[in-house]
Amino acid sequence: NISAFLRKEVILITNLLLKLFMKNKDITPNRSKYGNFSSAVGISSNILLAVLKGTAGILFNSVAILADAVNNLSDAGTSAISLIGFIISDKPADEDHPFGHARVEYISCMMVAFVILMLGLSLLKTSVEGILNPEPVNTGIIRIAVLVISIIIKLWLSRFFKKMGKMINSSVLYATSKDSLNDVISTSAVLLTTLIAVFTDINLDSYAGCLVSFFILYAGYGVLKDTMNNLLGTMPDKELISKITDKLYSYEGVHGLHD
């Protein structure tokens, strides 16, 4: 089972990275340190992918791969925004902010969403221009290899951010996990059009670029929607309600509760 294998590998590599780079050995994870660490992993991984894909896109004259490279570069930028958000949200309460600075994380999420949406619109424009004015696209084993490596890394990053997000209950990391999974789907579409070009000589590169941009726009909308819900205030999840209910009923003299 590929999913089970990937889950085990994510846990193994994540624990190894935490052991190597994190000095904090507390049972309860330090939110700021774990958030900063996750953002640093996202920045470095996405810059690596952006360089690989950007080089491949230029060499093979591929709009779709270049679009995917810019997408990874934006992911590195969003991880940087997340890093700044974690640093600011860790500041203690002060006279002007008696409730602390934790909600800065939601503002970071909104910034991430707007960056993703702007990028999606820009890539959609480039892809449409490519459809209207098509150019020949070169294919090769290096191009295919770059795309496959990207899919594997993004699958791992999606699982990694989800695990870290669960550890510190971070909406930013959950959003980044979803974005990474969308990247897997979009890069798979580019890989598929590449294989079609290899075996049929049909050029669907710019169409794949459009598809990638639609995935990016959808991801941005999802992040913005979730962030707005958190800022406005929504019902807590059932698991949290259950824990609070059990805790309250554990005290002597408590006979009922509501809302």
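Q: How many helices and how many strands does the secondary structure of this chain come to?
A: This is a predicted model, so read everything below as computed from it. Along the sequence, the pattern runs α-α-α-α-α-α-α-α. The tally is 8 helices and 0 strands.

Q: What share of the residues in the chain is buried?
A: The chain has 259 residues. A residue goes in the buried bin when its relative accessible area is under 20%. On that basis, the buried share comes to 41%.

Q: Among contacts between residues at least 6 apart in sequence, what percentage joins residues at least 24 apart?
A: Here the pool is limited to contacts in the chain whose partners sit at least 6 apart in sequence. Within that pool, the portion joining residues at least 24 apart is 75%.

Q: Are helices α2 and α5 roughly parallel or roughly antiparallel?
A: Helix α2 covers residues 31-59, and its axis comes within 11 Å of the α5 axis. The two axes cross at roughly 170°. Angles over 145 degrees fall in the antiparallel class, so α2 and α5 are roughly antiparallel.

Q: By class, what residues does the contact of α2 with α5 have?
A: Sort the residues of this contact into three bins and you get a count for each. The charged bin holds 3 and the polar bin holds 6. That leaves the nonpolar bin, with 15 residues.

Q: Is α4 roughly parallel or roughly antiparallel to α6?
A: Helix α4 spans residues 104-132 and helix α6 spans residues 171-200. Their axes are 9 Å apart and the packing angle is about 20°. Since angles under 35 degrees go in the parallel class, α4 is roughly parallel to α6.

Q: Which residues in α6 do the α4 residues meet?
A: On the α4 side, the residues are E105, Y106, S108, C109 and I116. By class, this contact of α4 with α6 has 4 nonpolar, 2 polar and 2 charged residues. The α6 residues they meet are S171, V172 and D179.

Q: Why is the pair of W156 and F160 stacked?
A: The model has 3 aromatic pairs. For W156 and F160, the ring centres are 5.0 Å apart and the planes make an angle of 15°. Ring centres within 6.5 Å make a pair, and planes under 30 degrees apart make it stacked, so W156 and F160 count as stacked.

Q: About how many helical turns separate W156 and F160?
A: Both residues lie in helix α5, which runs over residues 141-168. W156 and F160 are 4 residues apart there, so the separation is about one helical turn.

Q: Are W156 and F160 buried or exposed?
A: The relative accessible area of W156 is 14%. For F160 the value is 0%. Both values fall under the 20% cut-off, so W156 is buried and F160 is buried.

Q: Which residues do ring pairs link into a cluster?
A: W156 and F160 are members, and their own rings stack. Ring pairs bring in others as well, and the cluster is F37, W156, F160 and F161.

Q: Which residues does S180 touch, not counting those up to four places away in sequence?
A: S180 sits in helix α6. With 2% relative accessibility, S180 is buried. Its contacts beyond that sequence window are K154, L157, S158 and F161.

Q: Which residues is S177 in contact with, leaving aside neighbours within four places in sequence?
A: S177 also belongs to helix α6. It counts as buried, at 7% relative accessibility. Its contacts are S158, F161 and K162.

Q: What distance separates the C-alpha atoms of T176 and G42?
A: T176 is in helix α6 and is buried, with a relative accessible area of 15%. Along the chain, T176 and G42 are 134 residues apart. In space, their C-alpha atoms are separated by 8.8 Å.

Q: Which residue forms a salt bridge with E239?
A: The structure holds 1 salt bridge. E239 is exposed, at 55% relative accessible area, and its partner lies 4 residues away in helix α8. The closest N and O atoms are 3.7 Å apart, and the partner is K243.

Conventions: Residues numbered from 1 in each chain as written. Predicted model: local features only at pLDDT ≥ 70, side-chain atom pairs only at ≥ 80, totals over all residues. Heavy atoms only, no water. Phe/Tyr/Trp six-rings, centres within 6.5 Å; stacked < 30°, edge-to-face > 60°. Helix = DSSP H or I, 4+ residues; strand = E, 2+ residues; numbered from the N terminus. Buried < 20%, exposed > 50% of the residue type's maximum accessible area, 1.4 Å probe, protein only. Axes fitted to C-alpha atoms, helices over the stretch in contact; angles between N-to-C directions. Parallel < 35°, antiparallel > 145°, perpendicular 65-115°, else oblique. Contact = heavy atoms within 4.5 Å. Nonpolar A, V, L, I, M, F, W, Y, C, P; charged D, E, K, R; others polar. Salt bridge = Lys/Arg side-chain N within 4 Å of Asp/Glu carboxyl O.
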